Amino acid sequence: MPAIKRIPQRKCVGCGISKNKSDLIRVVRSPENEISIDIKGKKSGRGAYICKDENCLKKAVKAKRFDRSLEVKISDDILELLLNQIKEIESE
């Protein structure tokens with residue numbers, strides 16, 4: 001009998017619910033302290049995960065959870081990019 005492949009779980013910084021890693025968007029802080037959105041989830045650095053849901057993003061921003069998770073202030077430009085990406089996914 002083949003082994004059951006384990007699906008990695010990550011916790012959303014917005015709602016706090018653990019979901020499959022592939023169902024979340026990763027925001028990463030590189031070793032050079034640059035913040036970017038990691039589509040493939042392979043970039044090196046400290047990551048924070050968010051659901052593909054606008055409400056989760058609003059909760060995370062309001063409570064400054066990205067700043068805490070990534071240990072650096074996240075810029076409005078990155079938040080705007082993230083919001084646009086979530087809206088794009090929701091409209092599909």
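Colleague: Leaving aside neighbours within four places in sequence, with which residues is S36 in contact?
Modeller: In this predicted model, S36 belongs to strand β4. Across a separation of 43 residues in sequence, the C-alpha atoms of S36 and L79 are 9.8 Å apart in space. Once the neighbours within four places in sequence are set aside, the residues in contact with S36 are R26, V27, V28, K43 and I78.

Colleague: Which helices and strands each supply at least two residues of the largest nonpolar core, and which of them gives the largest share?
Modeller: The largest nonpolar core holds 22 residues, and the members that touch the most other members are V27, I50, L57, F66, L70, I74 and L82. At least two residues each are supplied by β3 (24-29), β4 (35-38), β5 (46-51), α1 (54-62), α2 (65-70) and α3 (76-91). The largest share, five residues, comes from α3.

Colleague: Why might one look for nonpolar side chains buried together, and what does I50 contact beyond its neighbours within four places in sequence?
Modeller: The general expectation is that nonpolar side chains in soluble globular proteins tend to be buried together. In this model I50 is among the core members that touch the most other members. When the neighbours within four places in sequence are left aside, the contacts of I50 are C12, V13, G14, L24, I25, C56, L57, A60, F66 and L82.

Colleague: How many helices and strands are there in the protein, and what pattern do they follow along the sequence?
Modeller: The protein contains three helices and five strands. Read along the sequence, these elements follow the pattern β-β-β-β-β-α-α-α.

Colleague: What is the radius of gyration of the protein, and what would a compact globule with 92 residues have?
Modeller: The C-alpha atoms fill a box of roughly 50 × 35 × 20 Å when it is taken along the principal axes. For 92 residues, a compact globule would have a radius of gyration near 12 Å, and the value for the protein, which agrees with this, is 14 Å.

Colleague: What percentage of the contacts between residues at least 6 apart in sequence join residues at least 24 apart?
Modeller: One pair with a long separation in sequence is V72 and R29, which are 43 residues apart along the chain and 8.2 Å apart in space, C-alpha to C-alpha. Not counting residues up to four places away in sequence, V72 touches R29, I35, F66 and D67. Among the contacts between residues at least 6 apart in sequence, the part that joins residues at least 24 apart is 48%.

Colleague: Is V72 buried, exposed or partly exposed?
Modeller: V72 is placed in the loop between α2 and α3. Buried would require under 20% relative accessible area and exposed over 50%. V72 has 24% relative accessibility, so it counts as partly exposed.

Colleague: Is S30, in the loop between β3 and β4, buried or exposed?
Modeller: Beyond its neighbours within four places in sequence, S30 is in contact with S44 and G45. The relative accessible area of S30 is 13%, and therefore S30 is buried.

Colleague: Which phi value does K64 have, and which does E71 have?
Modeller: The general background is that most residues other than glycine have a negative phi. K64 lies in the loop between α1 and α2 and is exposed, with a relative accessible area of 52%, while E71 lies in the loop between α2 and α3 and is exposed, with a relative accessible area of 55%. Both phi values are positive in a residue other than glycine: that of K64 is near 55°, and that of E71 is near 60°.

Colleague: Where does K42 lie, and how many Å is it from I89 in space, C-alpha to C-alpha?
Modeller: K42 is located in the loop between β4 and β5, and at 73% relative accessibility it counts as exposed. K42 and I89 are 47 residues apart in sequence, and their distance in space, C-alpha to C-alpha, is 20 Å.

Colleague: How many Å apart are the centres of the positive and negative side chains?
Modeller: The accessible surface of the protein comes to about 6400 Å², and 50% of that surface belongs to carbon and sulfur atoms. The side chains include 21 that are positive and 14 that are negative, and the distance between the centres of the two sets is 8 Å.

Methods. Residues are numbered from 1 along each chain as its sequence is written. This is a predicted model: local features need pLDDT of at least 70, side-chain atom pairs count only at pLDDT 80 or more; totals for chains, interfaces and linings use all residues. Side-chain values use heavy atoms; hydrogens and water are left out. A nonpolar core is a set of buried Ala, Val, Leu, Ile, Met, Phe, Trp, Tyr and Cys residues joined through side-chain atoms within 4.5 Å. Buried means under 20% relative accessible area, exposed over 50%, partly exposed in between (1.4 Å probe, protein chains only). Helices (H or I, at least four residues) and strands (E, at least two) are DSSP runs, numbered from the N terminus. Contact means heavy atoms within 4.5 Å. The radius of gyration is taken over C-alpha atoms; the globule rule is 2.2 Å times the number of residues to the power 0.38. Accessible areas come from the Shrake-Rupley method with a 1.4 Å probe; for residues, only the protein chains shown count as cover. Lys and Arg count as positive and Asp and Glu as negative; His and the chain ends are not counted. The place of a charge is taken as NZ of Lys, CZ of Arg, CG of Asp or CD of Glu.
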